[in-house]
Amino acid sequence: MAVIDGTGPHGTVVDAHRLLGPLPTGAGPSATVAGTLGEMDRLGVDEAHVTHAYALHGDPAEANRALFAALDGVERLRPVPVVIPAVAGASVPARLEDLDELRAAGVAMVRLAPARHRFDPAGPVARRWLERLGRLGIAVAIDAADTSLATLRALSAAHPTVNWLVLGPGYRRLREFGELLDTSPNVWLETGTLNTSGAVEWFAERWGAQRLVFGTGAPVFDDAGPRHQLDHLALKPEDRALVAGGSLAAMLGRPATRAGHAPDRSAPRTGPILDAHGHIGGWHDFLIPDPSADGLAAMAARLGVTTIGISDLLAVGADPAVGNRRALAAAETHPGRFGVWLVANPHDPGGLDDVRELLGHEAVWGVKLHPDVHQCTLDDPAYTPVFELAAAHGVPVLAHGQTDSSWSDPVRFAEVGRRHPQVPLLMGHAGLWPYGFARAARLVADVPNVYLETCGSRMTARWIAELVRLAGADRVVFGSDACFLDLRQGLGRVLGAPLDGPDRDAVLGGNLARLLHIGGAS
């Protein structure tokens, strides 16, 4: 994959997918128009297409009224009302003919949520409504989690005059969505959740950047990471401009507007950037377009990431002995760019001798555990020899953490941290799920050797700031999960988090440098 400088201008930046209004879990600044515009200014987003949060968490009919009232006279925010095709007395809007009024009001795209709103998008009523939308030239946004790929394929074929934008396609189904783009020329993909290494470029190279639309799903999903990814896409400038806003303008039949809002990157940064959580190699569960050590090293260099702590995914999975040596070989090929986490499997006691032998390698940072893959609880006695080995060699342990997992719930980190107070223990993903982030911080608040690491597809810039508030800046450590996830998004979340300079520097590298005794930090 060619590396093209991604820091230049790319035209208008339009977020095709935002929510406006209060959320049951808290919306932060996105609860209001002023707050939303402030976030857009901070991140460098010119326009956004927004749906009211009431549509997904309240009364959809009231949501559309609230949306139009809130956006009256606000040129940078474009309304995306929800539509619910249904029998008389159950639809939104009330009548099929009311769709004409949406077009007259300047609506270029509506949103369907079939699973959430419980209607059949392929039924006879929906067919009539979609035919009307096609005649009106109104595009349809639909969340991938709200329907099936088979339904999307059938709908796009049955309604060729409707342009379909798939929201939240995610990073684990690239093969399936590639097939959808292959067979459905009237389908576009939102990029915000295309968050494995090289995924956006993979789609652009095969189906063209004109099929990709920048969008974030904020505030439920992160906006800072996708915005940073956009700036650093390894695409030609004209293709980057298509993703940023040109593709959406073409899809909606509207001229692209002029750019005017650059991201606020004025805060000075000092010290190294150390990524605590990285990988190389492929994985069985989904396609990683660029799993190579060379690709990750090149991306780190482009982004200014000093060093990434990696484990080979083969070591995490079936073969630690081979995978650990692959990671060390990558570190030797790219000296200084990679540190190595040696994976220890509790079901192979003899493997611990291998880890012990390799701990003396100058590139080794510490030991990596994955309780969920190993199906062994973090506090199981089988892991005790690993922590004893880490204590004897003065190295930290990085372990996968997942709220409500039988194997790696944060409560187990608190217990293990107390058992082994001399071992720095990094909780990978800070518990993984947003509903568990605050609980994870509280559980380890009085266990000073446990640290919260920031990677994960559901982490957001604002949650990173909240973790700093809850646990202290000295207890939060930057990690990206690259190449499993996209380094550009992981780094962008920290760069885009509302933190002051010293706290950001601590998270980006200062804390890990202290744990690893890098550069005289202590």
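This is a short talk through one small sheet and a few salt bridges in the structure above.

Okay, hi everyone. One thing up front: this is a predicted model.

Let's start with the sheet. Three strands make it up, in the order S1-S2-S3, and the sheet is open, with parallel pairing. Strand S1, residues 14-20, and strand S3, residues 77-79, sit at the edges with a single partner strand each, so one side of each has no neighbour in the sheet. Going from one strand to the next, the twist averages 35°.

Now look at S2, which covers residues 47-52. S2 runs parallel to S3, and three bridges join the two. If you want a spot to click on, take Ala 48: its bridge partner in S3 is Leu 77. Then there's helix H11, residues 237-252, which packs on the sheet and touches S1 and S2. The direction of H11 makes about 80° with that of S1.

Next, the record. UniProt has an unreviewed entry that puts "domain: Amidohydrolase-related" at residues 42-246 and 275-517. In the model, residues 42-246 are 43% helix and 14% strand, and the end C-alpha atoms of that span lie 21 Å apart. For residues 275-517, we get 45% helix and 16% strand, with the end C-alpha atoms 15 Å apart.

On to charges. Side chains of opposite charge can pair when their charged atoms come close. So how many salt bridges turn up in a search of the whole structure? The search finds 23.

One of them takes us back to the sheet. Arg 78 pairs with Glu 47, and their closest N and O atoms are 3.5 Å apart. Arg 78 is in strand S3 and Glu 47 in strand S2, 31 residues apart, so this pair links distant parts of the chain. Are these two buried or exposed? Arg 78 is partly exposed, at 25% relative accessible area, while Glu 47 is buried, at 10%.

Another pair is Asp 409 with Arg 439, where the closest N and O atoms are 2.7 Å apart. Here too, distant parts of the chain are linked: Asp 409 is in the loop between strand S13 and helix H18, and Arg 439 is in helix H19, 30 residues apart. Asp 409 counts as buried, at 6% relative accessibility; Arg 439 is partly exposed, at 28%.

Then we have Arg 173 and Glu 176, with closest N and O atoms 3.4 Å apart. Arg 173 is partly exposed at 30%, and Glu 176 is partly exposed at 35%.

Last one: Asp 15, Arg 18 and Asp 223 are linked in a network of salt bridges. That's my tour, thanks!

Note on methods. Residues numbered from 1 in each chain as written. Predicted model: local features only at pLDDT ≥ 70, side-chain atom pairs only at ≥ 80, totals over all residues. Heavy atoms only, no water. Pairing = 2+ DSSP bridges. Helix = DSSP H or I, 4+ residues; strand = E, 2+ residues; numbered from the N terminus. Axes fitted to C-alpha atoms, helices over the stretch in contact; angles between N-to-C directions. Contact = heavy atoms within 4.5 Å. UniProt positions renumbered as here; feature names shortened; annotations may be inferred. Salt bridge = Lys/Arg side-chain N within 4 Å of Asp/Glu carboxyl O. Buried < 20%, exposed > 50% of the residue type's maximum accessible area, 1.4 Å probe, protein only.
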